[in-house]
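Dear colleague,

Please find below the sequence and the structure that I am handing over to you. My findings follow directly after them.

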Amino acid sequence: MSTTRKASAVIAAGVIFGLGIGLALGVLWWRLAPRVQFVVESGQFVDFDTKSFMAADVTFGALAIVAGLLVTIGLARMRREHLISVLIAAVLSGAIGSLAMWWVGHYLGQVDIAGLAGTEIQVSETPLVLRLWAMLFVWPIVAAGVVTVLALEDWLSGLKRS
């Protein structure tokens with residue numbers, strides 16, 4: 001029984017795993033990321049804390065790093081002998097997974113700010129928003145880094161055999 005797989009199988013697995021894991025991590029991001037508390041008085045923003053904006057972005061980035069490492073290592077185990085297909089699958093899964101994670105977290109974290117336009121003072125939370133859009137590239141960059149390390153290891157082991 002052969003353990004080698006076609007490049008299309010690895011790419012399809014990357015797309016499926018990227019989407020599935022991205023959706024699951026979107027829910028996790030929504031649950032873990034802190035929300036910014038703000039005060040509304042007579043329909044006007046009065047005060048809010050900006051430190052939580054950065055914490056939500058860092059949470060997204062940390063989840064993307066872990067996903068990039070694990071998914072890429074799994075794809076490399078599928079087809080280690082041909083790293084170009086692993087690179088394509090890993091970067092594609094990272095792009096799809098990051099967008100899915102952002103979409104789910106953003107969708108679940110929505111708050112109706114317009115509905116808070118009462119006459120009294122209210123304290124509420126802002127919607128879950130990704131402020132640093134570069135965080136969407138963390139998963140694909142980590143995936144490319146893992147494939148680069150694997151290629152370097154293959155190259156060095158080839159030098160040792162020569």
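Helices α1 and α2 cross in a right-handed manner. Please note that this is a predicted model. The axes of α1 (residues 7-32) and α2 (residues 51-78) come within 10 Å, and the crossing angle is roughly 155°. Angles over 145 degrees count as roughly antiparallel, and α1 and α2 are therefore roughly antiparallel to each other. On the α1 side, the contact is made by A9, V10, A13, G14, I21, L25, L28, W29 and L32. On the α2 side, A56, T59, F60, L63, A67, V71, L75 and M78 take part. Sorted by class, the residues of this contact comprise 15 nonpolar and 2 polar ones, with no charged residues.

The second pair to report is α2 with α3. Helix α3 spans residues 83-108, and its axis lies 10 Å from that of α2, at an angle of about 150°. As this angle is over 145 degrees, α2 and α3 are likewise to be described as roughly antiparallel to each other. The crossing of α2 past α3 is right-handed. From α2, the residues in contact are F60, L63, A64, V71, T72, L75 and A76, and from α3 they are V86, A89, A90, S93, S98, M101 and W102. This contact of α2 with α3 contains 11 nonpolar residues, 3 polar residues and no charged ones. F60, L63, V71 and L75 of α2 are listed in the contact with α1 and also in the contact with α3.

The third pair is α1 with α3. Here the axes are 6 Å apart and the packing angle is about 25°. Angles under 35 degrees count as roughly parallel, and α1 and α3 are therefore roughly parallel to each other. α1 passes α3 in a crossing that is right-handed. The residues of the contact of α1 with α3 divide into 20 nonpolar and 9 polar, and none is charged.

Three individual residues may be of use when you inspect the model.

V71 is part of helix α2. Is V71 buried or exposed? With a relative accessibility of 7%, V71 counts as buried, the cut-off for this class being under 20%. Leaving aside residues up to four places away in sequence, V71 touches I21, S93 and W139. Of these, I21 appears among the α1 residues of the contact with α2, and S93 appears among the α3 residues of the contact with α2. The C-alpha atoms of V71 and A90 are separated by 7.2 Å, with their positions 19 residues apart along the chain.

L108 belongs to helix α3. Its relative accessibility of 32% makes L108 partly exposed. Which residues does L108 touch, not counting residues up to four places away in sequence? They are V27 and W30. L108 and P127 are 19 residues apart along the chain, and their C-alpha atoms are separated by 8.8 Å.

G145 is located in helix α4, which covers residues 138-161. G145 is partly exposed as well, with a relative accessible area of 32%. From C-alpha to C-alpha, G145 and L69 are 8.9 Å apart in space, while they are 76 residues apart in sequence.

Turning to the protein as a whole, the model has 4 helices and 3 strands. Along the sequence, these elements follow the pattern α-β-β-α-α-β-α. The protein consists of 162 residues, of which 37% count as buried. Its exposed area is about 9,500 Å², and carbon and sulfur atoms supply 69% of that area. Among the contacts with a separation of 6 or more, 79% are accounted for by residues 24 or more positions apart.

In summary, α1 and α2 are roughly antiparallel, α2 and α3 are roughly antiparallel, and α1 and α3 are roughly parallel. No charged residues occur in the contact of α1 with α2, in that of α2 with α3 or in that of α1 with α3.

With kind regards

Conventions: Residues are numbered from 1 along each chain as its sequence is written. This is a predicted model: local features need pLDDT of at least 70, side-chain atom pairs count only at pLDDT 80 or more; totals for chains, interfaces and linings use all residues. Side-chain values use heavy atoms; hydrogens and water are left out. Helices (H or I, at least four residues) and strands (E, at least two) are DSSP runs, numbered from the N terminus. Buried means under 20% relative accessible area, exposed over 50%, partly exposed in between (1.4 Å probe, protein chains only). Contact means heavy atoms within 4.5 Å. Accessible areas come from the Shrake-Rupley method with a 1.4 Å probe; for residues, only the protein chains shown count as cover. Axes are lines fitted to C-alpha atoms, for helices over the stretch in contact, and angles run from 0 to 180 degrees between N-to-C directions. Angles under 35 degrees count as roughly parallel, over 145 as roughly antiparallel, 65 to 115 as roughly perpendicular and the rest as oblique. A crossing is left-handed if the near helix is turned anticlockwise from the far one by less than a right angle, and right-handed if clockwise. Ala, Val, Leu, Ile, Met, Phe, Trp, Tyr, Cys and Pro count as nonpolar, Asp, Glu, Lys and Arg as charged, and the others, Gly among them, as polar.
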